[in-house]
Amino acid sequence: MNRFAFVACAILLAPLSANAQSADQLVKGATDTSNVLNYGMGYNLQRFSPLTQINRDNAKELVPVWNYSFADDRSEESQPLVYQGVIYVTTNSATMAIDVKTGKQIWKTKVEYPPETPRIVCCGIINRGAAIQDGKLYRTTLDANVIALDMKTGKELWRQKAADIKEGYSMTVAPLVADGVVLTGVSGAEFGTRDFIDGWDPGTGKHLWRTYSVPSPDEPGGDTWKGDTWKLGGGSTWITGSYDPELKTVYWGIGNPGPFDAAGRPGDNLYTCSVLALDPKTGKIKWHYQFSPNNPFDYDAVAEMVLAEIKVDGKPTKVLMDANRNGFFYVLDRTNGKLLAANPYVKVNWATGIDMKTGRPIETDVTKDAREGKKVTVFPSILGGKNWEPMSFDPQTGLAYANTLLFGGHYKTAPATYKAGEWYVGMDLTDLWEWGTGPRGALKAIDPLTGKAKWEAPSDIPRFSGVLSTAGGVVFSGQLTGEFEAFDADSGKKLWQFQTGSGIEGQPVTWQQDGVQYVAVASGYGGVYSLFSGDERLAKVPAGGSLWVFAVKK
Ligand code: CA
């Protein structure tokens, strides 16, 4: 290229890069098939792609394009982002930019931690991914910092401490950039924290607002806590919310109350085990819906609140869908929080159903006995009918594809004494599981309005990966034993699998570049189930984090 041509080219490119990942592009993220701009493959968190190059007929021809080592042996739950031919991916200990075509590292920026950090973190040394806008990449760190990096160089641009790790707070959440604000949540409900969601200025990192998930006595909902219980009330916010740009509303799930022993904190304990509808500009709560009031069973409601327009009683309706950890699949009208459907998608024995008038669970003696301190067998277990691993919603089939957990648990309260930065659980942690004899998990294709599965793909060990669905009729998921899998979206028939070398706890994504559709997923074992289940079937799975990229062989 001569000098003149180079100058002309640079002029043509300039307006494009100036608008790089602008707010407009983020809004269109779910339909932008050449990039992956948002956590959840779009603000709606549907994890659905309209791409069809990889489809149910040729998925068996998928082959690895390259593999990139994270040089990290922890759980890799990060969702990669892709922008203009570069993949941006995080681990707990680093942020990386990788060239899509070659798999070569462009830059890697390490996260340095104080030595006491890992000891204080609950449920896996992890990070779930980044957010990008206007040339900046945002991520959180285990020691509860929010940082912005330059997407070109990986250089740190700003850093803010959101909370003190010595008080039991940590951060694993992928930030959300919505309406010009960076939103983040925290982990820590198992450590006697009082949790919150923060808003930050994307340019400077200035703290804009904080909305507590547990209100103080003088705030609305403060009367649902007795005495000082609110101060240690938990309500973590460790999974990224969804965002409706038309309604200018963010939907963020709230975790369990702490400690688990519910008798010590009488009342509904708002806003634990709820979803909050928030104004992202101010953090103001527009409405809330509580799934599990005064919950004893660690039924965090943090997991993804998926947005879609579906027909309810024949009428197209803006809904929010949640395969709640408590075993019920909820559909709410997201304009006002009204309950439209709530049906079990796994075995449930703590409630017989949800009262459609009040929205409250109809609890059984299992819940009553648990609150009275008796040992109970509860379905689902404290890990839930589905844990954090995100489902996908396919608007073409109308089905939600979710990795569900099919076992129960044993539950008995135990005394809890608060000490800053230490476990504050209030539950007997011996003999936790009611395994049964069959498969411990299943990928289910769920009808959102009935909770019933059109098909199931069972697995001995539950899958803990995210799910991705595509217009090619393919559903991607991964096994804790390392197999990355593709299923037929209509029938659940296994189309393909590939052994990635460590357990998959990551979140698959897909995009198309220069005529090639790629699928990427992080592999790497060590999350909550790997650490706490004691599942003997996992004994031989090696650690070792890496990123895999696949395409159909030409
Ligand atoms: Ca929890």
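Let's start with D313. D313 is exposed, with a relative accessible area of 82%. Here, exposed means over 50% relative accessible area, buried means under 20%, and partly exposed lies in between, using a 1.4 Å probe and protein chains only. D313 sits in the loop between β19 and β20 (315-323). Strands (E, at least two residues) and helices (H or I, at least four) are DSSP runs, numbered from the N terminus. D313 is not a glycine, yet its phi is positive, about 50°. Most residues other than glycine have a negative phi, and most peptide bonds are trans.

A word on the model. It is predicted, so local features need pLDDT of at least 70 and side-chain atom pairs count only at pLDDT 80 or more, while totals for chains, interfaces and linings use all residues. Residues are numbered from 1 along each chain as its sequence is written, and side-chain values use heavy atoms, leaving out hydrogens and water.

Next, the loop between β16 and β17. N269 lies in that loop. Its phi is near 60°, a positive value in a residue other than glycine. Is N269 buried or exposed? N269 counts as buried because its relative accessibility is 0%. Now the cis peptide bonds. One joins G258 and P259, with omega about -15°. P259 belongs to the loop between β16 and β17. Another cis bond joins L270 and Y271, with omega about -5°. Y271 is in the loop between β16 and β17 too.

N256 takes us to the metal. Which residues hold the calcium ion? E190 (OE), N256 (OD1), D298 (OD) and D300 (OD) coordinate it, at 2.3 to 2.6 Å. Donors are N, O and S atoms within 2.8 Å of the metal, or 3.2 Å for Na, K and Ca; water is not among the atoms, so sites may look incomplete. Along the chain, the donors follow the spacing E-x65-N-x41-D-x1-D. N256 and D300 link distant parts of the chain, 44 residues apart. N256 is in the loop between β16 (249-253) and β17 (274-278), and D300 in the loop between β18 (285-290) and β19 (306-312). N256 is at 0% relative accessibility, so it counts as buried. D300 counts as buried at 5%.

G283 is in the loop between β17 and β18. G283 counts as buried, at 3% relative accessibility. It touches W209, T211 and L278, leaving aside residues up to four places away in sequence. Contact means heavy atoms within 4.5 Å. G283 and T249 are 34 residues apart in sequence and 9.8 Å apart in space, C-alpha to C-alpha.

Now the cores. A nonpolar core is a set of buried Ala, Val, Leu, Ile, Met, Phe, Trp, Tyr and Cys residues joined through side-chain atoms within 4.5 Å. The largest has 81 residues, and I87, Y88, L183, F476, W511 and L547 touch the most other members. Strand β38 (residues 546-552) gives the most to this core, six residues. Apart from this core lies another, of 51 residues, among them W238, F260, V366 and I461. Back to I87: its contacts more than four places away in sequence include W66, M96, W511 and L547.

Last, the empty space. On a 1 Å grid over the protein atoms alone, a cavity is a set of points where a 1.4 Å probe fits but cannot get out; a pocket is an open set with protein on both sides within 12 Å along at least five of seven lines; lining residues have an atom within 4 Å of a point. Points are joined across faces, edges and corners, and a volume is the space filled by probe spheres set on them.

The largest pocket holds about 500 Å³. Of its 31 lining residues, C122, C123, E190, V528 and F532 lie nearest its centre. E190 also coordinates the calcium ion. This lining divides into 17 nonpolar, eight polar and six charged residues. Ala, Val, Leu, Ile, Met, Phe, Trp, Tyr, Cys and Pro count as nonpolar, Asp, Glu, Lys and Arg as charged, and the others, Gly among them, as polar.

The second largest pocket has about 370 Å³. Twenty residues line it, with V27, N44, Y243, P245 and R334 closest to its centre. β19 gives the largest share of that lining, three residues.

How many cavities of 30 Å³ or more does the structure hold? Two. The largest has about 100 Å³. Its lining has 10 nonpolar, four polar and no charged residues.
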